[in-house]
Amino acid sequence: MAIKLMHAAPSVSDTQRPVPRWALRTAYAIPLLLLPSCLWRLPFAFHFEMGQVDDGATTAPLWISVPYVFGLSVLTEVAALLCIGLVRGWGEVVPAWIPLLGGRRIHPAAAIVPAAIGGLVMTAVTVMMALTWIGALDGVGYRNGWWEALAKICISPIGLWGPLTLALTYAYYVRRCRPANTA
């Protein structure tokens, strides 16, 4: 019995036109890239500062901070999972199980506009994050370099979200809005 180390890429037959392999892999990688920052955020819900220097600001009660932080992490992952719609059939046709809309074709602008805006906003966040880390903008202080290194390791992959979403949006635009090459 042979052990299969590599699995086959998922089928892309549910899209009108073929999806580039890089776009498929990128769309599935985005939620995984955001996972470290979502996990990094969770201890803050319980007022554990993760090595950040407390400036004496008052903290929200647990009944506010826990749902807020957990909700933010879940919302981040849901938004990341929506990027998969740019490479799958449910980003072109509303799934049949959705009442009233199921089976209808999705206008390309309904996916392109929100994805482009989200990609641009997250790219701006990436620029702000980079400016903070090089010292051009004020940032959070850490008790020591180890906490700061851990924070940067966990948070830095989120910086790829904006540019990767813009690349996926462009690939979606090319696939859905440009005429197919007939040679």
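In the predicted model, helix 1 (residues 21-41) and helix 4 (residues 145-155) approach each other, their axes coming within 7 Å. The axes cross at roughly 135 degrees. Helix 1 is therefore oblique to helix 4, since an angle over 145 degrees would be needed to count as roughly antiparallel. Helix 1 contributes P36, S37 and W40 to the contact. Helix 4 meets these residues with W147, L150, A151, C154 and I155. By class, seven of the contact residues are nonpolar and one is polar. No charged residue takes part in the contact of helix 1 with helix 4.

The largest nonpolar core comprises 21 residues. Within this core, I30, V87, W161 and L168 have the most contacts. Three elements give two or more residues each to the core: helix 1, helix 3 (108-133) and helix 5 (161-177).

V87 was examined with its neighbours within four places in sequence left aside. On that basis, V87 is in contact with T15, V19, A23, L24, A27, L168 and R175. L168 is thus a partner of V87, and both are among the residues with the most contacts inside the core.

L168 also reaches T26, which touches L164 and L168 when neighbours within four places in sequence are left aside. T26 is placed in helix 1. Its relative accessibility is 14%. T26 therefore counts as buried, the cut-off being under 20% relative accessible area.

A171 lies in helix 5. This alanine is buried, with a relative accessible area of 8%. Beyond its neighbours within four places in sequence, A171 is in contact with W22 and A23. A23 also appears among the contacts of V87. A171 and V87 are separated by 84 residues in sequence. In space, their C-alpha atoms are 8.6 Å apart.

The cysteines were then considered. A search of the whole structure finds zero disulfides. C38 is in no disulfide, and the nearest cysteine sulfur, that of C154, is 11 Å away. C154 is one of the helix 4 residues that meet helix 1. C38 is buried, with a relative accessible area of 3%. For C83, the closest cysteine sulfur is in C38, at 13 Å. That separation is too far for a bond, because a disulfide requires cysteine sulfur atoms within 2.5 Å. C83 also counts as buried, at 5% relative accessibility.

Two residues with positive phi were found in the loop between helix 1 and helix 2 (62-82). One is H47, with phi near 65 degrees, a positive value in a residue other than glycine. The other is M50, which has a positive phi of about 55 degrees although it is not a glycine. Their accessibility was also computed. H47 has a relative accessible area of 28% and is partly exposed. M50, at 10% relative accessibility, counts as buried. The cut-off for buried, under 20% relative accessible area, therefore falls between the values for these loop residues.

How values were computed. Residues numbered from 1 in each chain as written. Predicted model: local features only at pLDDT ≥ 70, side-chain atom pairs only at ≥ 80, totals over all residues. Heavy atoms only, no water. Axes fitted to C-alpha atoms, helices over the stretch in contact; angles between N-to-C directions. Parallel < 35°, antiparallel > 145°, perpendicular 65-115°, else oblique. Contact = heavy atoms within 4.5 Å. Nonpolar A, V, L, I, M, F, W, Y, C, P; charged D, E, K, R; others polar. Core = buried A, V, L, I, M, F, W, Y, C linked by side-chain atoms within 4.5 Å. Buried < 20%, exposed > 50% of the residue type's maximum accessible area, 1.4 Å probe, protein only.
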